[in-house]
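Please study the sequence and the three-dimensional model below before reading on. The explanation will then lead from the overall fold to particular regions.

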Amino acid sequence: MTRFRTLTLAGLLCVAASSTFASEYADFLRDATNPYGHYRQSLVLTSSKDNADKAQQAIAQFTQGWEVVVAKYAADVPRPFASIADFPAKLARPVAVGKEAMLLMKEGKIARAHAVLEEVRYLLWDMRIRSGINSVADKSNDFHEAMEVVLEQAGDAKTPDELMAVAERYGPWLMIKWDEHALAGDLAAIRKEFDVAHGEGRKSVSDYLNALHKGDLDSAKKLASGVKNAYKKVWALNPVL
């Protein structure tokens, strides 16, 4: 009995010790919000050659800010990420990505820098999915991927029949991915703004798909920007990861 009690006490002490070194996800989000905001700016600003100077500033702020996050959380893993064995390396990867993007910017390779920065989006997405986190950010990531495919396929269509074929093959997918935004588990803080943006965005997606179904090439081109803007509005609502 004494031996059992000793083992039990030892086990409880181990649990208590491990809990001491597991930070809260809310704290991680709070500390990561500012540098992640600069990351989002970096993505937007590297989408055009007109904002190269501002883009470099945003990338620098993102990289420096993320280094602080790494210093604090690499050895103090937020609870949801505890099962990710290589968490320190994954957490540090955005710093390397930021530095690579900065070098490309200085060489004038803005489009390439934008492509490199996209890795961070997928990295954080993967970490959340592996940790069972149901985030609106990843619902937006999902929609973004579907949107890119549909817009590209529709943009390549040369005839009404080809455009209608895109609608038949990809239209339901695009709408499903839009509607999935509403299933995110972290909407409470942005519910009012989200409901408005989501409703308006659904109309934009619906109008675009209607143009595709009709084989209306001119309208499809005009309405594509509405789909992009709808995505950007929802994506911009979530200030944290």
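The paragraphs that follow treat the overall fold, then the core, two helices and the largest pocket.

The model is a predicted one. It contains nine helices and zero strands, so the pattern along the sequence reads α-α-α-α-α-α-α-α-α, with each helix defined as a DSSP run. The protein has 241 residues, of which 42% count as buried. Among contacts with a separation of 6 or more, 72% join residues that are 24 or more positions apart.

The interior can be approached through the largest nonpolar core, which has 68 residues. Within this core, Phe28, Trp66, Leu174, Tyr208 and Leu212 touch the most other members. The elements that contribute two or more residues to this core are α2, α3 (52-73), α4 (87-106), α5, α6, α7, α8 and α9. Leucine 174 offers an example of such packing: leaving aside residues up to four places away in sequence, Leu174 touches Phe143, Ala146, Met147, Val150, Val205, Tyr208 and Leu209.

Helix α8 deserves a closer look. How far apart should the ends of its 24 residues lie? Helix α8 covers residues 191-214, and at 1.5 Å a residue it should span 34 Å; the end C-alpha atoms are 34 Å apart, which means that expectation and model agree. The buried residues of α8 are Phe194, Ala197, His198, Gly201, Val205, Tyr208, Leu209, Ala211 and Leu212. Their cover includes α6, α7 (160-179) and α9. After α8 comes glycine 215, with a positive phi near 75°.

Helix α5 can be examined in the same manner. Its 21 residues reach 31 Å from the first C-alpha to the last, close to the 30 Å expected at 1.5 Å a residue. Just after α5, glycine 132 adopts a positive phi of about 75°.

The last region to consider is the largest pocket, whose volume is about 430 Å³. Which residues lie nearest its centre? They are Ser47, Arg121, His144, Tyr231 and Lys232, out of 16 residues that line the pocket. The elements giving two or more residues to this lining are α2 (25-45), α5 (110-130), α6 (136-156) and α9 (217-237). Helix α9 gives the most, with five residues. Sorted by class, the lining of the largest pocket comprises seven nonpolar, three polar and six charged residues.

Finally, some elements appear in more than one part of this account. Helix α9, for example, gives two or more residues to the largest nonpolar core, helps to cover the buried residues of α8 and gives five residues to the lining of the largest pocket.

Notes:
Residues numbered from 1 in each chain as written. Predicted model: local features only at pLDDT ≥ 70, side-chain atom pairs only at ≥ 80, totals over all residues. Heavy atoms only, no water. 1 Å grid on protein atoms, 1.4 Å probe; cavity = no way out; pocket = protein on both sides within 12 Å on 5 of 7 lines; lining within 4 Å. Points joined across faces, edges and corners; volume = space filled by probe spheres on them. Helix = DSSP H or I, 4+ residues; strand = E, 2+ residues; numbered from the N terminus. Nonpolar A, V, L, I, M, F, W, Y, C, P; charged D, E, K, R; others polar. Expected span 1.5 Å × (residues − 1). Buried < 20%, exposed > 50% of the residue type's maximum accessible area, 1.4 Å probe, protein only. Contact = heavy atoms within 4.5 Å. Core = buried A, V, L, I, M, F, W, Y, C linked by side-chain atoms within 4.5 Å.
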